[in-house]
Amino acid sequence: MKSKSKGSLQLFAMTAPGLEGLLAEELRQLNLPRGTTTPGGVSFTGTVADVRRVNLWSRIANRVIVRMDEFHASSFHELERRAKRMDWARFVSAGEQVRFRVTCKKSRLYHSDAVAERLAKAAERQLGAKKVEDETGDDVDDGGDAAGQLFIVRIAHDVCTVSADSSGALLHRRGYRQAVAKAPLRETIAAAMLAGSEWDRVSPLVDPMCGSGTIAIEGAMMARQMAPGIGRRFAFENWPNHDADAWEDSIAAARESQLSKAPGPIIASDRDAGAVEAAKANAARAGVEGDIEIGKHAVSAAEIPDQPGWIVTNPPYGLRVGESGPLRNLYSQLGKILRNRAHGYRMALLSADKLLDAQLRVELREVFRTTNGGIPVRLMMAGDG
């Protein structure tokens, strides 16, 4: 795989299945080069500055990787020959550790550990890199604790693609969510819900089942134009040619562009006292505690501002035996709010059960399908503003 011009990189921003279109639109709004939407993310040609920009500003991407090479490999001889030619030194300093995450599908090279071993030997010969334990799975989240530069390798139908990870811990790890309630919602999914709902970042935003407060916090960060990656480290900061001065300039510019306060009201509530305390603690860590009104209320008592706005929430899914009865009433209460108290509002909720959706007694349209915690879910919208 050859770069189109000197200094250009073949990049791939990964996201949860079903969110590719939202990610492509987000990248467009970040003034990044036009990309191609493919299952699992968006591929585009960019620069190292674009790598920094996506990691710092994307709210929906899970990871940003740099394509090092793509080639046919039906034998270890072919694999070893190409591995020797790869520019490992672009991503790893001499003597540093490397990790490999290898998946093999419908290929003659099917042993992932053996593939990782061959690639690691090439990196070791070139710059003395030290291989640490291999990983399995397409989207393992190490929490940022694993040492060494990660390389993601996929072999499908005898075509091998080798990529260098630029992110480190998955990008949903903003750093603020240490206190969690039951069934926590990933930050990237919460951001996708807000983007999919087309919330304008100015009108009221209400989450009457806020849990750990993730939707409200992501909304406050959006409204204040806060870069989601501003408080964490990334793998690219360890690359040999990392431009620390340019990175510091990017951080400074991001801080300068922040608004001092969210322009509209953001209201979060939950009937569980522990969830409310977790939401308050997370909001404080995110630096948006002054932008969110967080209270302990049943859904039926949720505060709804008079001016039209958005209700965006992640209600319980009711997948365990015996849960559907109480949840039917919960969804019914949510529907009553929209019909009777939230005139001019749009509502977006993450749903896993069409029978529970029916309890809302409002017309719904599907925005996207994805998974949350391994559960297939759909973002459903009601109201037209």
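Against which elements do the buried residues of α6 pack? I shall return to that question after a brief overview of the chain.

Good morning, colleagues. The structure under discussion is a predicted model. The chain contains 10 helices and 15 strands. Its C-alpha trace spans about 70 × 45 × 35 Å along the principal axes. For 385 residues, a compact globule would be expected to have a radius of gyration near 21 Å, and the 23 Å of this chain agrees with that expectation. Buried residues make up 52% of the 385. If we take the contacts between residues at least 6 apart in sequence, 77% of them join residues at least 24 apart.

Let me now come to helix α6, which covers residues 214–223. This helix is mostly covered, with 10 of its 10 residues buried. In order, these are T214, I215, A216, I217, E218, G219, A220, M221, M222 and A223. As for the opening question, the buried residues of α6 pack against two helices, α5 and α8 (273–286), and against four strands, namely β9 (205–207), β10 (266–270), β11 (292–296) and β12 (310–313). Just after the helix, Q225 adopts a positive phi of about 60°.

The loop that follows leads from α6 to α7 (244–257), and I230 lies within it. Is I230 buried or exposed? Its relative accessibility is 17%, and because the cut-off for burial is under 20%, I230 counts as buried. Which residues does I230 touch, once its neighbours within four places in sequence are set aside? The contacts are with L56, I251, A254, R255 and Q258. I would add one distance for reference: the C-alpha atoms of I230 and S250 are 9.5 Å apart, with the two positions 20 residues apart along the chain.

I turn next to strand β1, residues 9–14, which is likewise mostly covered, six of its six residues being buried. In a regular strand, side chains alternate between the two faces of the sheet. In β1, both faces are covered: L9, L11 and A13 are buried on one side, and Q10, F12 and M14 are buried on the other.

With which strands does β1 form bridges? One is β3 (residues 41–46), which runs antiparallel to β1 and is joined to it by six bridges. Within that pairing, M14 has G41 as its bridge partner. Another is β4 (residues 63–72), also antiparallel to β1, with five bridges between the two. Here F12 stands opposite I65.

My last topic is the second largest pocket. Rolling a probe the size of a water molecule over the atoms shows where empty space is left. The second largest pocket holds about 500 Å³ of space. Its lining consists of 19 residues, and those nearest the centre are E26, Q29, L30, R59 and R201. Which helices each supply at least two residues of this lining? They are α1 (20–29), α2 (48–57) and α5 (187–197). The largest share, four residues, comes from α1. By class, the lining comprises nine nonpolar, four polar and six charged residues.

One element links two parts of this talk: α5 supplies residues to the lining of the second largest pocket, and the buried residues of α6 pack against α5. Thank you for your attention.

Technical notes: Residues are numbered from 1 along each chain as its sequence is written. This is a predicted model: local features need pLDDT of at least 70, side-chain atom pairs count only at pLDDT 80 or more; totals for chains, interfaces and linings use all residues. Side-chain values use heavy atoms; hydrogens and water are left out. On a 1 Å grid over the protein atoms alone, a cavity is a set of points where a 1.4 Å probe fits but cannot get out, and a pocket is an open set with protein on both sides within 12 Å along at least five of seven lines; lining residues have an atom within 4 Å of a point. Grid points are joined across faces, edges and corners, and a volume is the space filled by probe spheres set on the points. Ala, Val, Leu, Ile, Met, Phe, Trp, Tyr, Cys and Pro count as nonpolar, Asp, Glu, Lys and Arg as charged, and the others, Gly among them, as polar. Buried means under 20% relative accessible area, exposed over 50%, partly exposed in between (1.4 Å probe, protein chains only). Two strands pair if DSSP finds at least two bridges between them. The radius of gyration is taken over C-alpha atoms; the globule rule is 2.2 Å times the number of residues to the power 0.38. Contact means heavy atoms within 4.5 Å.
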